[in-house]
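Thanks for sharing this one. Here are a few points to read alongside the model, taken element by element.

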Amino acid sequence: MRDPYEVLGVQRGASAAAIKSAFRKLAKKHHPDANKNDPKAAERFAELNTANEILGDEAKRKQFDRGEIGADGKPRFQGFPGGGGPRGSRPGGGFEQYGFRSGSGGSGYDGGGFEDILNTMFGGGPAGGARGGRRGGAQFDFDTSTFGAPDLDLNVTMTVSLEESVKGGDKRIRLPSGKELNVRVPAGVINGQQIRLRGQGDTAPGHRPGDLLITVTVAPHPVFKVDGNDLRADLPITLYEAVLGGKVRVPTLGGAVELSIPKNTSGGRTFRLKGKGIPKGGASGDLFVTTRIILPDGNDAELEGLMEKWRDAHPYNPRRDQG
């Protein structure tokens with residue numbers, strides 16, 4: 001996983017606004033919907049989302065800067081308190097493995113029982129074959145059955161489109177090992193939801209395979225903005241549609257529908273399309289579209305002349321209430 005600052009192309013001292021702007025620009029460029037013929041687009045987009053999840057969150061960003069979490073957002077091993085690594089640590093970060101065995105014996109790390117080791121760590125003497133130890137009347141009781149067991153769960157991020165999150169379906173993902181899996185995306189999955197696949201994580205001799213934990217990221221949509229179960233979108237209309245009214249086609253998740261625009265519709269007016277939002281629990285949210293009056297490209301002398309005549313004959317001030 002690359003450094004999130006490198007992924008977003010920002011300096012370490014970049015402001016939150018600069019990070020947000022960089023993410024939006026790159027997300028639009030690398031969105032899978034805009035790169036349908038690029039098989040690596042989804043992978044790049046997932047990397048952008050992971051970088052933004054770290055740098056876009058002030059607390060996580062500080063943790064990353066302090067070296068407490070890695071570029072994948074996972075905690076890093078910080079060593080043991082008091083300086084220095086665990087007994088048997090190698091320079092450079094490698095760790096030798098020691099075989100601990102239960103039972104009585106010497107109090108040393110190499111020859112003593114595991115309970116003796118723990119008692120030594122907590123200031124007690126050898127346990128003498130008893131489980132746990134005492135000091136000052138305090139009783140320490142340890143479960144050694146899972147001590148040192150490797151964490152074999154594997155965490156990955158999967159990016160889905162808004163349509164995929166609503167309808168569900170099959171999605172193919174590539175694991176860090178290079179292995180590819182088909183994942184059934186449940187209909188109605190939400191951003192940040194986790195899918196667990198039993199036994200599909202990492203493996204180690206003598207241990208049960210870990211699980212694959214897939215965190216779902218719903219990619220930003222080029223048209224719709226999600227607001228709970230509702231959707232919001234801008235609706236571009238022409239100047240003559242705003243003045244004269246008419247029917248315009250509006251995109252929805254289920255296909256385009258027609259909306260009647262009344263005469264003299266101002267830009268910024270919002271229309272509600274009931275039931276055209278995100279379905280959930282047998283019902284659906286609504287779609288809210290806000291009109292944006294778009295003028296034709298370039299200069300139009302005829303339109304300018306018409307507006308000049310209309311301005312002289314019908315002056316008005318839409319900002320009169322602003323003082």
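1. Please keep in mind that this is a predicted model. A good place to begin is helix 3, residues 41-55: its 15 residues reach 21 Å from the first C-alpha to the last, close to the 21 Å expected at 1.5 Å a residue.

2. Helix 3 has many buried positions, namely A41, F45, A46, E47, L48, N49, T50, A51, I54 and L55. These buried residues pack against helix 1 (4-8), helix 2 (16-30) and helix 4 (58-65), and also against strand 3 (154-160) and strand 7 (212-218).

3. Strand 9 (residues 230-237) is a nice one to view edge-on. On one face sit L231, A233, L235 and I237, which are buried, while D230, R232, D234 and P236 point to the other face and are not buried. In general, side chains in a regular strand alternate between the two faces of the sheet.

4. Who are the partners of strand 9? Strand 8 (residues 225-227) runs antiparallel to strand 9 and is joined to it by three bridges, with D227 opposite D230. The two strands form a hairpin with two residues between them, and G228 in the turn has a positive phi of about 70 degrees. Strand 15 (residues 287-293) runs parallel to strand 9, with seven bridges joining them; here R232 stands opposite F288.

5. Finally, look at helix 8 (residues 301-313). Its 13 residues should span 18 Å at 1.5 Å a residue, and the end C-alpha atoms are 19 Å apart, which agrees. The number of buried residues in helix 8 is zero, so this helix lies largely in the open. D300 caps its N-terminal end, with a side-chain oxygen 3.1 Å from the backbone nitrogen of E302.

Note on methods: Residues numbered from 1 in each chain as written. Predicted model: local features only at pLDDT ≥ 70, side-chain atom pairs only at ≥ 80, totals over all residues. Heavy atoms only, no water. Helix = DSSP H or I, 4+ residues; strand = E, 2+ residues; numbered from the N terminus. Expected span 1.5 Å × (residues − 1). Buried < 20%, exposed > 50% of the residue type's maximum accessible area, 1.4 Å probe, protein only. Contact = heavy atoms within 4.5 Å. Pairing = 2+ DSSP bridges. Polar contact = N/O pair within 3.5 Å; in protein donor to acceptor, adjacent residues only side chain to side chain.
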